[in-house]
Amino acid sequence: MGMADSELDSIFPDTKRHRNPLVPIGAFVTAGVLTAGLISFKRGNSQLGQQLMRARVLAQGGTVVLMVGSAYYYGDSFKRAG
C-alpha cells in the first residue's frame, strides 16, 4: 500500500488526497447485505431476499452519497486554501 501512495504522490505531487473512513465501511456493509440476500434467495426465502436487496440499494446509495459528499467537501477546502 505504501508503494501505491508513493506512486500517486509522484503523479499528483501538488494535491492532497483525503480518505473518508466511512466509505470502505459502507462498501463492506453493502457487500455483506448483498451476500446475505443472495444466500437467502438460494435457501428459498425470497421475501427476505427482496428486503435485503432493497437494503443493499439503500446502503449502496449511502456509500455513493458519502463519496460525493467527501469529494465536494475536500474539493472546496482545496479551493479555499489555494
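1. Start with the T30 side chain: in this predicted model, it reaches the backbone oxygen of G26, at 2.8 Å. T30 itself sits in helix α2.

2. Is T30 buried or exposed? T30 counts as buried, because its relative accessible area is 13% and the cut-off for buried is under 20%.

3. What does T30 touch further along the chain? Setting aside neighbours within four places in sequence, T30 is in contact with R56, A59, Q60 and T63.

4. On confidence, helix α2 is a good place to be looking: this helix (residues 22–42) has the highest confidence in the protein chain, with a mean pLDDT of 93. Helix α1 (residues 2–11) is where confidence is lowest, at a mean of 64. Where pLDDT is low, the predicted coordinates shouldn't be read in detail. For the protein chain as a whole, the average pLDDT is 81, and 70% of the residues score at least 70.

5. As for the overall layout, the protein chain has 3 helices and 0 strands. Going along the sequence, that reads as α-α-α.

6. A word on burial and surface. The protein chain has 82 residues, and 16% of them count as buried; T30 is one of the buried residues. The chain exposes about 6,400 Å², with carbon and sulfur atoms supplying 66% of that area.

7. Last, the contacts across the chain. Take those between residues at least 6 apart in sequence: 43% of them join residues at least 24 apart.

Technical notes:
Residues numbered from 1 in each chain as written. Predicted model: local features only at pLDDT ≥ 70, side-chain atom pairs only at ≥ 80, totals over all residues. Heavy atoms only, no water. pLDDT = per-residue confidence, 0-100. Helix = DSSP H or I, 4+ residues; strand = E, 2+ residues; numbered from the N terminus. Buried < 20%, exposed > 50% of the residue type's maximum accessible area, 1.4 Å probe, protein only. Polar contact = N/O pair within 3.5 Å; in protein donor to acceptor, adjacent residues only side chain to side chain. Contact = heavy atoms within 4.5 Å. Areas by Shrake-Rupley, 256 points an atom, 1.4 Å probe, with all protein chains shown as cover.
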